[in-house]
2 protein chains.
Amino acid sequence: MPSTARIALDAFGGDSCPGPEVDGALAAAKNGVNVTLVGDAAKLARALDKRGSWGELPITIQHAPEVITMHDGPAKAIRSKPDASMPMCFDLVRSGEADAAMSAGNSGAMLACGLFKYRRIKGIDRPAFVTSLPTRSKGWTVMLDVGANVECRPINFVQFAVMGAVYAQFKHGKPRPRVGLLANASEVSKGTELTRATHGLLAEHKSDAYEYVGYVEGGALYSGDVDVVVTDGFSGNIALKIAEATGRLIGTWLKDAVGRGGVTSKLGGLLMRGPFDELRGMLDPDSYGAAPLLGVQDVAFICHGGASPAAIGRALELAARSVDEELIPKLSTALAAAAPLFAAAKANPVSEGPNP
Amino acid sequence: MPSTARIALDAFGGDSCPGPEVDGALAAAKNGVNVTLVGDAAKLARALDKRGSWGELPITIQHAPEVITMHDGPAKAIRSKPDASMPMCFDLVRSGEADAAMSAGNSGAMLACGLFKYRRIKGIDRPAFVTSLPTRSKGWTVMLDVGANVECRPINFVQFAVMGAVYAQFKHGKPRPRVGLLANASEVSKGTELTRATHGLLAEHKSDAYEYVGYVEGGALYSGDVDVVVTDGFSGNIALKIAEATGRLIGTWLKDAVGRGGVTSKLGGLLMRGPFDELRGMLDPDSYGAAPLLGVQDVAFICHGGASPAAIGRALELAARSVDEELIPKLSTALAAAAPLFAAAKANPVSEGPNP
């Protein structure tokens, strides 16, 4: 996948940085992605040198003396540590030296960088983090928001719907994504004041770009019945963490059961290593891929803190593709086209009062 | 488990009624539980006769000419169909002819019956449905609310904490249950206005009956790090549905992978049938057991709509045990002891305004 897009990668974001970042950058660069590793230049040069010859690859190093930790508040990324590797990735995009920023670090700080360094797309109230979950039918469902906005209003939800549809089309090739609203039942009389108001808006303002299918329950995340699940960052975060944890639970449990089952089960386990490895791969949060922050004027992706080199490599390729295929212009166009929906959402009584 | 408790079972609640109900009643009766099957008497007598001799078992039939369907609104259960099998179970408890009501039917109607026929325990604002989820460490975590209250306030959450602790002690033998508040992060500065207010209240009002451990993330449902997870009925329902769906996803996925893997995997799959069956058992919503409605003055349990005969049998035994071991008096005592916490919660500003 040769690309002219240049990705600024925070090399000191993930839990085991900078190893996975350096290895991921090398993997993506070998596939033609231009990567700027941002962080302590001496350490990064040593890490690259240790891994062999890299001079021919489209990799550059940008020195950043500081690091945003998981304990830093979002404001730190902007005010107290302007020279940290994460905000510097965004600065490189702003100054035209890169086309996308990526980090496996602090998501609150990423959100702050996106909001204050990129700024929002015109008309967007709140950007959202989006993730992809594997479905039973071997497809993908995208879910948003998964953590940027804990308390939402109808205007946020309808904007998530429009953005999620654009992303499902871009990432998973869905021509007219089916969009559902996460709720505690399929009957639209249930749900909360927020979901009921949002349902009314989406049902009334039909779109050619996506098909709004109404409320969906938790199981819809995996059924393949919808392509986009809209929810707030509180429920979305809980949903994502449960999905990851259920995977781990089943892995642990199956391993124990095989162990307890004696020689027969152990032999069976050996023979089934292929399917097991495949299952482990699917359950691995790595498989969900990087989550973009949608609703800001440039490209930003966040990776799981424990993302593997392979996952970071794939994320870099996805970020490059999102630049090449003009994800942000597509979002802006879709958002502009949905102006009547947004105007109605802003006028909705549930949207009254100061934003939480 | 011989018991003097008499359970009124709505025989026309579940998706495949009355088969699983009749079989479940027979199974429990053989273990010494007194069951009254409530519903169309002729049909029930035929169903029992078909299954052989039951005259020696502690089973009786109570005729009810009508049925509450999944499409009936909650009010129907109370007003339009007073002779339906579900409300009649509650009436039997009220009149002293039974000690507990149980149904695998409409949960909204169950809640309405609990509220209007049993009435609430003194001081309780809202009752909650409670379920048990299997943990990685082979224990159980109880979660509440899983569907009764979509929008909550601090007073509801602190009451759920107290009731959840009593239930974890009763059902899973935890001497001093660890209670966590479901949130989108472990830092108490995160969460919503509601979780932050609740955290302040629970952190300030320590209890000998349980240990409040702060915010927990979605993964805590399975980690075994807490015994009780407190959340609202919206998030709780989503969490439960995701857990069930993840199990189904993995089952489907593993089966496909074994199929694709050829002869080796198929042989492996055969050898591992024991562990697989065990895993399937754990992932089955049946394993979660029946959910009691806590906070009302008598015993009511709801089963999963697709509950198997074995699950209904176990649920009947659990209901009998909850009568024998005085679950409701224990709840009342614990709730009375927590009066200062509740008074503080009611005075909390987040609790202002009319209840949603």
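What follows is a chat about the contact between two chains, one helix and one loop residue.

Biologist: Before we start, what kind of model is this, and how are residues numbered?

Modeller: This is a predicted model, in which local features need pLDDT of at least 70 and side-chain atom pairs count only at pLDDT 80 or more, while totals for chains, interfaces and linings use all residues. Residues are numbered from 1 along each chain as its sequence is written, chains are lettered from A in the order in which they are written, and side-chain values use heavy atoms, with hydrogens and water left out.

Biologist: OK, how many residues does each chain put into the contact?

Modeller: Chain A gives 54 residues and chain B gives 54 residues, where contact means heavy atoms within 4.5 Å.

Biologist: And what area is buried between them?

Modeller: About 4800 Å² is buried between chain A and chain B, with carbon and sulfur atoms giving 72% of that; buried area is the accessible area (1.4 Å probe) that two parts lose on being put together, summed over both.

Biologist: How many salt bridges are there between chain A and chain B?

Modeller: The count is two, a salt bridge being a side-chain nitrogen of Lys or Arg within 4 Å of a carboxyl oxygen of Asp or Glu. Lys241(A) forms a salt bridge with Glu217(B), and their closest N and O atoms are 2.2 Å apart.

Biologist: Which element gives the largest share of chain A's side?

Modeller: That is α9(A), which supplies 22 residues to the side of chain A that touches chain B; helices here (H or I, at least four residues) are DSSP runs, as are strands (E, at least two), numbered from the N terminus.

Biologist: Switching to α15 of chain A, which residues are buried there?

Modeller: In this helix, residues 339-347, the buried ones are Leu341(A), Phe342(A) and Ala345(A), with buried meaning under 20% relative accessible area, exposed over 50% and partly exposed in between (1.4 Å probe, protein chains only). Seen down the axis of α15(A), these buried residues fall within an arc of 95°, so they line one face of the helix; the arc is that of the directions from the helix axis to the C-beta atoms.

Biologist: What's exposed on the other side of α15(A)?

Modeller: Pro340(A) and Ala347(A) are exposed there, whereas the cover over the buried residues includes α6, α7 and α14 of chain A.

Biologist: Last one: is Thr135(B) buried or exposed?

Modeller: Thr135(B), in the loop between β5 and β6 of chain B, counts as buried because its relative accessibility is 2%. Leaving aside neighbours within four places in sequence, its contacts include Leu249(A), Trp140(B) and Tyr222(B).
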